[in-house]
Amino acid sequence: MYSARMSTPERLIESTRELLWERGYVGTSPKAIQQHAGAGQGSMYHHFAGKPDLALAAIRRTVEEMRATAEAVLGGSGSAYARVEAYLLRERDVLRGCPVGRLTMDPDVIASDELRAPVTATLDWLRDRLAGILQEGLDQGEFAYALDPRETASAIVATVQGGYVLARSSATPTAFDAAVRGLLVLLRGMTTGRGAPVDAPATTTSSN
């Protein structure tokens, strides 16, 4: 499953990431992690103090990956609307869901201040990043003054996360695509025509 060049700690972290996504914290037992990683109990406890320590390393890796993926789109060129649109329409494995969003629904993760902290920080970062881009568009006259950057950023994050839930509940990415298209229509209605796209937004392309 893993490259022979991958170190034992890397295999343990990647295995924990996958198991947390699939089974949640309670279902991710040390034995399951060891079997998935092809590592012995001694190796696991040599590199990590225990399951909470390993879970924290896995969660940190997951949120770092989410930030990098989002920034690759949000930090691109183009108008503020175009960058937000690119973020919303980027390819996603919709039916599998968001690995960070799924963590917020894990009661054991949320109950732990240490495990919850990187999840909260990442979602806060995403809202702040989107709000900053929307503020840029507002300052440049791209959006009407009625637009509130922070509230709109929260709506964007909520739409994406809610779209995952709707898609998974219906077993089709159609619901996610509809939510994104609806949000883009509303956001486009807030533009002034300066730097905004002329054509209607296209649907998402989901890797399902």
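**Pocket, buried helix and ring contacts**

In this predicted model, the largest pocket holds about 470 Å³ of space. Its lining consists of 25 residues, and those nearest the centre of the pocket are Trp21, Glu65, Gly97, Cys98 and Pro99. Four helices, H1, H4 (51-74), H6 (99-104) and H9, each contribute at least two residues to the lining. H4 provides the largest share, with seven residues.

Trp21, one of the residues nearest the pocket centre, also takes part in a contact between a charge and a ring. The charged end of Arg96 is placed over the ring of Trp21, at 3.7 Å from the ring centre. A second arrangement of this kind involves Tyr25, where Lys51 lies over the face of the ring, 4.1 Å from its centre.

Arg17 belongs to helix H1, which spans residues 8-27. The relative accessible area of Arg17 is 13%, so the residue counts as buried. Apart from neighbours within four places in sequence, Arg17 is in contact with Ala58, Arg61, Thr62 and Glu65. For Thr62, there is a polar contact of 3.1 Å between its side chain and that of Arg17. Glu65, another of these partners, is also among the residues nearest the centre of the largest pocket.

Helix H5 covers residues 80-89, and eight of its ten residues are buried, so the helix is largely enclosed by the rest of the structure. The buried residues are Ala80, Tyr81, Arg83, Val84, Glu85, Tyr87, Leu88 and Leu89. They pack against H4, H8 (113-139), H9 and H10. H4 and H9 thus appear both in this packing and in the lining of the largest pocket.

Within H5, Arg83 has a relative accessible area of 10% and is therefore classed as buried. Not counting residues up to four places away in sequence, Arg83 touches Val73, Leu74, Gly76, Ser77, Gly78, Arg129, Ile133 and Glu136. With Leu74, the side chain of Arg83 reaches the backbone oxygen at a distance of 2.9 Å. Ile133 is 50 residues away from Arg83 in sequence, while the C-alpha atoms of the two residues are 8.1 Å apart in space.

One aromatic pair was counted in the model. It is formed by Tyr164 and Phe176, whose ring centres are 5.2 Å apart and whose planes meet at 50°, so the pair is tilted; an angle under 30 degrees would have counted as stacked and one over 60 as edge-to-face. Tyr164 lies in helix H9 (residues 149-170) and Phe176 in helix H10 (residues 174-188), and the pair links distant parts of the chain, with these positions twelve residues apart in the numbering. Both Tyr164 and Phe176 are buried.

The loop between H9 and H10 contains Ala171. The phi angle of Ala171 is near 60°, a positive value in a residue other than glycine. Ala171 has a relative accessibility of 59% and so counts as exposed, whereas Tyr164 and Phe176, in the helices on either side of this loop, are buried.

Note on methods:
Residues are numbered from 1 along each chain as its sequence is written. This is a predicted model: local features need pLDDT of at least 70, side-chain atom pairs count only at pLDDT 80 or more; totals for chains, interfaces and linings use all residues. Side-chain values use heavy atoms; hydrogens and water are left out. Rings of Phe, Tyr and Trp (its six-membered ring) pair if their centres lie within 6.5 Å; planes under 30 degrees apart count as stacked, over 60 as edge-to-face and the rest as tilted. Buried means under 20% relative accessible area, exposed over 50%, partly exposed in between (1.4 Å probe, protein chains only). A charge sits over a ring if NZ of Lys or CZ of Arg is within 6 Å of the ring centre and within 35 degrees of the ring normal. A polar contact is a pair of N or O atoms within 3.5 Å; within protein, one must be able to donate a hydrogen and the other to accept it, and residues adjacent in sequence count only if both atoms are side-chain atoms. Contact means heavy atoms within 4.5 Å. On a 1 Å grid over the protein atoms alone, a cavity is a set of points where a 1.4 Å probe fits but cannot get out, and a pocket is an open set with protein on both sides within 12 Å along at least five of seven lines; lining residues have an atom within 4 Å of a point. Grid points are joined across faces, edges and corners, and a volume is the space filled by probe spheres set on the points.
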